[in-house]
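The exercises below go through one protein model. Each sets a task and then gives a solution in steps.

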Amino acid sequence: MMDDGRAAALAVIDAIDDGSRRATMRHLHEIILEALPGIDIAVYDYGGGALIGYGGYDYSNSKGPAGRWFSIGIANRKAYVALYAMAGMPDGHYLVESMPEKFPGMKIGRSCVNMTKPERVEDDTIRYLAQASWEQFKDGFHRPARTKST
């Protein structure tokens, strides 16, 4: 049920001891919900803690159905707030990797940003990542068509 996911997400956010980290998580949550009204929400146990995932989809691998994952997510980690965006690019990279200038002074992984300085990230960037990721996964898991590099 959609309301259960929303309530679980709010419980995760409200349980964060650090006031500034809690405020960052709440702000990201609100921006994502604004960008994706009516999106489904689930809480995943990932990396030893709770991760709030938005826009769930079923995925498979070469052996068949593998599980359920999210198109965009947030998590409170030990030293930062993590922002995950699963959208891929035709060149095989993740969307997050293609926009490091939007996350100045922060570590960017394949599909994750360690938001050590969340005040430097514009809300429009979060909206864009949420919408682009959901657009790619709203009809299920599909790898982007890869382009050949010349």
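**Exercise 1. Find the contacts of Lys107 and describe its place**.

Solution. Neighbours within four places in sequence are left aside, and contact means heavy atoms within 4.5 Å. On that basis Lys107 is in contact with Cys112, Val113 and Asn114. Next comes its element: Lys107 belongs to strand E5, residues 107–108. Helices (H or I, at least four residues) and strands (E, at least two) are DSSP runs, numbered from the N terminus. Then comes exposure: Lys107 has a relative accessible area of 58% and is therefore exposed. Here buried means under 20% relative accessible area, exposed over 50%, and partly exposed in between, with a 1.4 Å probe and protein chains only. Last, a distance: from C-alpha to C-alpha, Lys107 and Ala87 lie 18 Å apart in space, with their positions 20 residues apart in sequence.

The model is predicted, so local features need pLDDT of at least 70 and side-chain atom pairs count only at pLDDT 80 or more, while totals for chains, interfaces and linings use all residues. Residues are numbered from 1 along each chain as its sequence is written, and side-chain values use heavy atoms, with hydrogens and water left out.

**Exercise 2. State whether Leu28 and Thr125 are buried or exposed, and list what they touch**.

Solution. Start with Leu28, which lies in helix H2, residues 19–35. Its relative accessibility is 4%, so Leu28 counts as buried. Not counting residues up to four places away in sequence, Leu28 touches Ile74, Val81, Met115 and Ile126. Asp18 is ten residues from Leu28 along the chain, and their C-alpha atoms are separated by 15 Å.

Now take Thr125, found in helix H3, residues 123–137. Thr125 is buried because its relative accessible area is 4%. With residues up to four places away again not counted, Thr125 touches Met99, Lys102 and Phe103.

**Exercise 3. Describe how strands E1 and E2 are joined**.

Solution. Two strands pair if DSSP finds at least two bridges between them. Strand E1 (residues 41–46) and strand E2 (residues 49–61) run antiparallel and are joined by six bridges. Among the partners, Ala42 is matched with Gly53 in E2, and Ile41 stands opposite Tyr54 in E2. The hairpin of E1 and E2 has two residues between the strands, and Gly47 there takes a positive phi near 70 degrees.

**Exercise 4. Summarise the protein chain as a whole**.

Solution. First count the elements: the protein chain has three helices and six strands. Their order along the sequence is α-α-β-β-β-β-β-β-α.

Then check the overall size. A compact globule of 150 residues would have a radius of gyration near 15 Å, and the protein chain has 15 Å, which agrees. The radius is taken over C-alpha atoms, and the globule rule is 2.2 Å times the number of residues to the power 0.38. Along its principal axes, the C-alpha trace spans about 50 × 35 × 30 Å.

Finally, look at burial and contacts. Of the 150 residues, 41% count as buried. Among contacts with a separation of 6 or more, residues 24 or more positions apart account for 49%.
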